[in-house]
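Q: I'm new to this one. Could you take a close look at the nonpolar surface patch and walk me through the residues that make it?

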Amino acid sequence: MFGVYEFKLPDALVNKAGGAKSGLFGAFFYGTHNGNCCGSLHRPFVLGLVTYVAAKGDPLFGFILFFDLAVGLGFPIYC
């Protein structure tokens, strides 16, 4: 969104939940919750790729496909 919108929970809710966590625990907490929320959006596509790679039977080809998927999903975040 290029900083146009910022969604934040009210400070009272953040303080009640214990505040924002940092360090290893914060990264783990963020990753697990992000995976639960966003993972369901990618499951059908990943299942299709798994099926295609299993039918093809080539592990290197499967690695390349999933590496391309990871780069494609991560590119907008890091650029």
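A: Accessible areas here come from the Shrake-Rupley method with a 1.4 Å probe, and for residues only the protein chains shown count as cover. On that basis the protein chain exposes about 7100 Å², with carbon and sulfur atoms supplying 71% of it.

A quick word on the source: this is a predicted model, where local features need pLDDT (the predictor's confidence in each residue, from 0 to 100) of at least 70, side-chain atom pairs count only at pLDDT 80 or more, and totals for chains, interfaces and linings use all residues. Residues are numbered from 1 along each chain as its sequence is written, and side-chain values use heavy atoms, leaving out hydrogens and water.

The protein chain has three helices and zero strands; both kinds are DSSP runs numbered from the N terminus, helices being H or I with at least four residues and strands E with at least two. Mean pLDDT for the chain is 80. Among its elements, H3 has the highest mean, 88, and helix H1 (residues 11–16) the lowest, 72.

Now the patch: Leu60, Phe63, Ile64, Phe67 and Val71 make about 510 Å² of nonpolar surface. Patch residues have over 30% relative accessible area and no salt bridge (a side-chain nitrogen of Lys or Arg within 4 Å of a carboxyl oxygen of Asp or Glu); like charges are joined within 9 Å, and nonpolar side chains (Val, Leu, Ile, Met, Phe, Trp, Tyr) within 5 Å.

Leu60 sits in helix H3 (residues 59–78). Leu60 counts as exposed because its relative accessible area is 55%, and the cut-offs are under 20% for buried, over 50% for exposed and partly exposed in between (1.4 Å probe, protein chains only). Phe63 is exposed too, at 56%, while Phe67 is partly exposed at 48%.

Those two Phe residues are four apart in helix H3, about one turn. The whole structure holds two aromatic pairs. Phe63 and Phe67 form a stacked one, 6.0 Å centre to centre with 25° between the planes. Rings of Phe, Tyr and Trp (its six-membered ring) pair if their centres lie within 6.5 Å; planes under 30 degrees apart are stacked, over 60 edge-to-face, the rest tilted.
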